[in-house]
Every structure is written in structure tokens, then in C-alpha cells.
Amino acid sequence: MALFFDVEWYEARLAERGLSRAVLAAVSGMSEAELGLVFKDQREVSAAEVAAFAELLGVSPVEAAVRAGVSTPVPGTDPLARIAELERRVAALEALVRRHPPT
């Protein structure tokens, strides 16, 4: 379950843009009831929903995720790129171990 959904922050961003919760719900593909549960920390949000929040509110996906009480995964990150980076790091560590075997 999402923790610490920042209702005040989301309400302020919506107000700045002259938007309502109904619009936020529609853009994210949720019903208003589902969004109400999100605002009460009774429903988690998906990465796609956070990305929709961010686009509508004109903020970064990271900001929208943090304010929604989501820490990972960060919307917009490429999991394949992350895997490739991890594989590169593992290969570098393996090469280092081969050069300096344990004694």
C-alpha cells in the first residue's frame, strides 16, 4: 500500500492548473472512487498512473512518485537499461576478482 500520499501537494498542483480530482482520475485511467482511495492511502498507484499524474501536473515522474508515496520503481526508467548496467558492473567486479584472487 502506498504510504504518505501528499494530498495537500496534489490538491495544490491541481488548483494551480484549474483541474479537479475527476480530471486526474480520468487521465490516469482510474475511477473517481479509485482515486479517492489513493488520496486516502488505501490504494497503491502503478508506474503508469504516476506517469499520467506527472504529465498532467507538469512535474517530473520522480516528483509525482515521491509525492504519491512511491519510492520504486521510478516511472520512466528503462528496466532493460538498468539490467545492462548491472551486468556491466558484475562483469567489472568479476574481472577484478580474477586479477586479485582471494588468498
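pLDDT is the predictor's confidence in each residue, on a scale from 0 to 100. Keep that in mind as you browse these views, since the model is predicted.

**Figure 1. Confidence along the predicted protein chain.** The mean pLDDT of the protein chain is 87, and 90% of its residues reach 70 or more. Among the elements, helix 1 (residues 7-16) has the highest mean pLDDT, at 96. Helix 6 (residues 79-99) sits at the other end of that ranking, with the lowest mean, 84. A friendly word of caution: where pLDDT is low, the predicted coordinates should not be read in detail.

**Figure 2. An all-helical chain and its overall dimensions.** Six helices and 0 strands make up the elements here, so to speak, in the order α-α-α-α-α-α from the N terminus on. The C-alpha atoms fill a box of roughly 65 × 25 × 20 Å along the principal axes. The radius of gyration is 19 Å, whereas a compact globule of 103 residues would have one near 13 Å. Among contacts between residues at least 6 apart in sequence, 57% join residues at least 24 apart.

**Figure 3. Surface and charges of the protein chain.** The accessible surface comes to about 6,800 Å², and carbon and sulfur atoms account for 59% of that area. Of the 103 residues, 26% count as buried. The chain carries 11 positive and 15 negative charges, and the mean positions of the two sets lie 8 Å apart.

**Figure 4. Close-up of alanine 64 in helix 5.** Look for alanine 64 within helix 5, which spans residues 61-67. Its relative accessible area is 0%, so alanine 64 counts as buried. Leaving aside residues up to four places away in sequence, alanine 64 touches Tyr10, Val50, Phe53, Ala54 and Val59. Alanine 51 makes a handy landmark in this view: 13 residues separate it from alanine 64 along the chain, and their C-alpha atoms are 7.6 Å apart.

**Figure 5. Close-up of arginine 13 in helix 1.** Arginine 13 is found in helix 1, the element with the highest mean pLDDT. Arginine 13 is buried because its relative accessible area, 17%, falls under the 20% cut-off. Beyond residues up to four places away in sequence, its contacts are Leu57 and Val59. Val59 links this view to the previous one, as it also appears among the residues that alanine 64 touches.

Notes. Residues numbered from 1 in each chain as written. Predicted model: local features only at pLDDT ≥ 70, side-chain atom pairs only at ≥ 80, totals over all residues. Heavy atoms only, no water. Helix = DSSP H or I, 4+ residues; strand = E, 2+ residues; numbered from the N terminus. Rg over C-alpha atoms; globule rule 2.2 N^0.38 Å. Buried < 20%, exposed > 50% of the residue type's maximum accessible area, 1.4 Å probe, protein only. Contact = heavy atoms within 4.5 Å. Areas by Shrake-Rupley, 256 points an atom, 1.4 Å probe, with all protein chains shown as cover. Lys, Arg positive; Asp, Glu negative; His and termini not counted. Charge placed at Lys NZ, Arg CZ, Asp CG, Glu CD.
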